[in-house]
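Please open the structure in a viewer and keep the selection panel at hand. The tour proceeds stop by stop, each beginning with a selection.

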Amino acid sequence: MGNVLVFAEHQKGRFPKSTLVALQAGKEAASKLGGNCLVAVLGSELDALAQEVAGYGVAKVIAADDPALANYLADAYAVTLEQLIKANDVSLLLATSTAVGKDLLPRVAARLGAGMATDIVGINADGTFQRPMYAGNVIATVSLDGPVKVVSVRGTAFDAAHPGGQGQVEKASVSLDAAARKMQFVAFNETKSDRPSLTEARIVVSGGRGLKSGENFTTYLEPLVDALGAAMGASRAAVDAGFVPNDLQVGQTGKVVAPELYFAVGISGAIQHLAGMKDSKVIVAINKDPDAPIFNVADYGLVADLFKAVPELTEEVKKLKG
Amino acid sequence: MKILVTVKRVPDPETTIRVKPDGSGIVTDNIKYVINPFDEIAIEEALRIKEKLGSSEVVLASIGTKVVTEQLRTGLAMGADRSILVLCEQELDSLAVSRILAKLVERESPELVLMGKQAIDDDSNQAGQMLAALLDWPQATFASKVELAADQKSVQVTREVDGGLESVGFALPGVVTADLRLNEPRYASLPGIMKARKKEIKEVPVAELDVDIVPRMKVQRMDPPVKKEGGKKVETVRALLDLLHTEAKVI
């Protein structure tokens with residue numbers, strides 16, 4: 001077995017938790033399957049970032065530092081990663097299933113003629129992987145054939161790596177022809193929020209169709225979210241109904257979260273939603289329907305009218321936190 | 001312009017999925033099948049582009065056995081012009097699917113390929129990106145807005161990414177995959193259903209395409225997930241908070 005290459009995504013000059021998860025999974029893969037754990041970091045003016053990620057006990061960091069890579073673009077990034085894979089005896093490419101990871105990895109896999117497993121939650125010693133299918137109703141054991149394999153990692157399935165042990169940093173030369181530069185970055189409109197991000201928050205409070213409107217998210221849910229210092233999420237039903245933007249969606253086709261504490265407020269608990277939050281450490285459900293399926297996964301269930309219970313809970317939390 | 005839209009037949013998302021006791025697959029008795037919901041959004045987007053431009057052709061493509069005719073007929077009833085069904089009995093991975101689709105693109109030469117961002121059965125989220133790679137075309141996944149330039153030669157796509165919305169642009173041809181908020185798909189009208197009966201579903205045996213469909217990714221076995229037990233019901237907000245504070249120690 002050749003080396004494991006972790007694609008280390010960075011945002012605004014830092015590595016989000018999802019990247020530390022990929023590093024941990026990459027090190028685990030290397031120790032179980034053989035080879036060294038290498039890291040690829042792509043972008044422009046990367047010296048500090050490359051040094052930082054080299055401090056996570058990896059064998060080597062390869063920095064592809066070029067102005068053409070300043071913004072993430074699938075075509076240029078895929079060609080660059082393919083070059084790094086071929087030059088470094090890589091037999092497993094790995095990244096977390098973030099928006100970038102999901103967009104990039106299949107493109108690299110197809111260029112290499114490699115099989116890919118999405119959203120893996122386990123690495124087996126025999127070289128197979130565990131991954132969910134059918135909204136988490138099935139856990140499949142999958143095998144990949146061929147000289148190079150590609151996997152994306154579910155962000156909640158592995159711990160974040162801790163710093164320790166300085167690896168070397170090597171600069172890679174980047175060569176991109178016109179065919180690799182067909183896409184242009186136009187703009188990024190960041191959702192402005194002072195709250196923690198959904199996938200990094202210790203507490204997540206999600207609202208569903210039971211909230212009945214976008215205004216009620218603001219009036220009822222947000223004060224609780226802020227009293228707890230939590231991130232806000234939503235069910236697909238609430239997103240479908242236009243109450244909140246899609247980047248708040250927790251579920252099969254949205255974000256997968258596993259915080260220490262998860263509140264499901266006015267969420268019935270469709271399988272598509274459970275797929276995105278059932279691995280949370282403690283789950284609280286507030287719903288007026290005692291038969292709602294969400295109570296089947298909740299550690300603590302409160303059968304109540306959310307429009308009364310949520311403001312009361314907000315006040316109690318504020319009192320408790322003093 | 002010509003738009004190719006891919007269609008996958010999947011179990012209805014409301015269906016309860018159970019794993020066979022021997023782990024060889026899922027229980028398929030009494031399952032209702034539908035068009036993958038994200039593919040429906042892709043069809044709708046193609047139809048809207050066609051309606052805006054006046055002169056366009058929307059071609060559906062799918063892979064599977066003859067049963068997929070049902071889903072293609074639904075897509076044709078929504079308003080697509082014609083369809084291609086690649087007949088294949090074998091289980092395919094995303095790479096094989098993409099290689100088949102790449103062959104169809106070679107034959108059909110569409111300016112735009114619209115796909116769903118992921119199929120809700122295997123949840124792989126790979127085929128669009130892989131097809132774009134094989135064709136060496138640009139790609140825009142997770143699209144929430146598709147804006148075609150006035151000369152129809154390029155496109156700007158708004159993408160739903162972590163922490164906000166990203167816009168990318170490229171000259172056509174290209175691949176765009178649909179996210180949830182791109183549009184609200186229409187229902188087939190009765191006249192649409194009548195018309196669809198006469199529209200073409202061209203069957204192409206997969207062997208005729210001469211592509212490598214040996215899967216690189218194989219499902220070895222399936223297991224049900226570990227079931228989580230429901231916990232306590234509490235009566236009051238105060239009791240809930242007490243438990244979270246003193247028992248679970250999370251607040």
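The stops below lead from one chain, through a sheet, to the places where two chains meet. The model is a predicted one.

**First stop: chain B**

Select chain B and display it as a cartoon. Chain B contains 7 helices and 13 strands. The C-alpha trace of chain B extends over about 65 × 45 × 40 Å along its principal axes. Of the 251 residues in chain B, 46% are buried. Consider next the contacts in chain B between residues at least 6 apart in sequence: 68% of them join residues at least 24 apart.

**Second stop: a sheet in chain A**

Turn to chain A and select the strands of its open sheet. There are 7 strands, arranged in the order E5-E9-E4-E1-E2-E3-E10, and their pairing is parallel. Which strands lie at the edges? They are E5 (115-120) and E10 (168-172) of chain A, each of which pairs on one side only. From one strand to the next, the twist averages 25°.

Within this sheet, select residues 37-43 and 60-65 of chain A, which are strands E2 and E3. These two strands run parallel and are joined by 6 bridges. To inspect one position, select A:Leu42, which stands opposite A:Ala64 in E3(A).

**Third stop: the contact between the chains**

Display both chains together. Chain A contributes 73 residues to the contact and chain B contributes 68. On the side of chain A that touches chain B, 39 residues are nonpolar, 19 are polar and 15 are charged.

Now select residues 138-144 of chain A and residues 217-223 of chain B, which form strands E8 and E12 respectively. Do these strands run parallel or antiparallel? E8 of chain A and E12 of chain B run antiparallel, with 6 bridges joining them. A:Leu144 stands opposite B:Met217 in E12(B).

**Final stop: two helices across the contact**

Select residues 306-321 of chain A, helix H8, together with residues 237-247 of chain B, helix H7. The two helices pack at an angle of about 45°, and their axes are 9 Å apart. H8(A) and H7(B) are therefore oblique to each other. The crossing of H8(A) past H7(B) is right-handed.

To see the residues involved, show side chains for A:Ala309, A:Glu312, A:Leu313, A:Glu316, A:Val317 and A:Leu320 of H8(A). On H7(B), show B:Val237, B:Arg238, B:Leu241 and B:His245, which make the contact from that helix. Colouring by class distinguishes 6 nonpolar, 1 polar and 3 charged residues in the contact of H8(A) with H7(B).

Notes
Residues numbered from 1 in each chain as written. Chains lettered and ligands numbered in written order. Predicted model: local features only at pLDDT ≥ 70, side-chain atom pairs only at ≥ 80, totals over all residues. Axes fitted to C-alpha atoms, helices over the stretch in contact; angles between N-to-C directions. Helix = DSSP H or I, 4+ residues; strand = E, 2+ residues; numbered from the N terminus. Parallel < 35°, antiparallel > 145°, perpendicular 65-115°, else oblique. Left-handed = near helix turned anticlockwise from the far one by under 90°. Contact = placed C-beta atoms within 7 Å. Nonpolar A, V, L, I, M, F, W, Y, C, P; charged D, E, K, R; others polar. Pairing = 2+ DSSP bridges. Buried ≥ 20, exposed ≤ 12 C-beta atoms within 10 Å, placed from the backbone.
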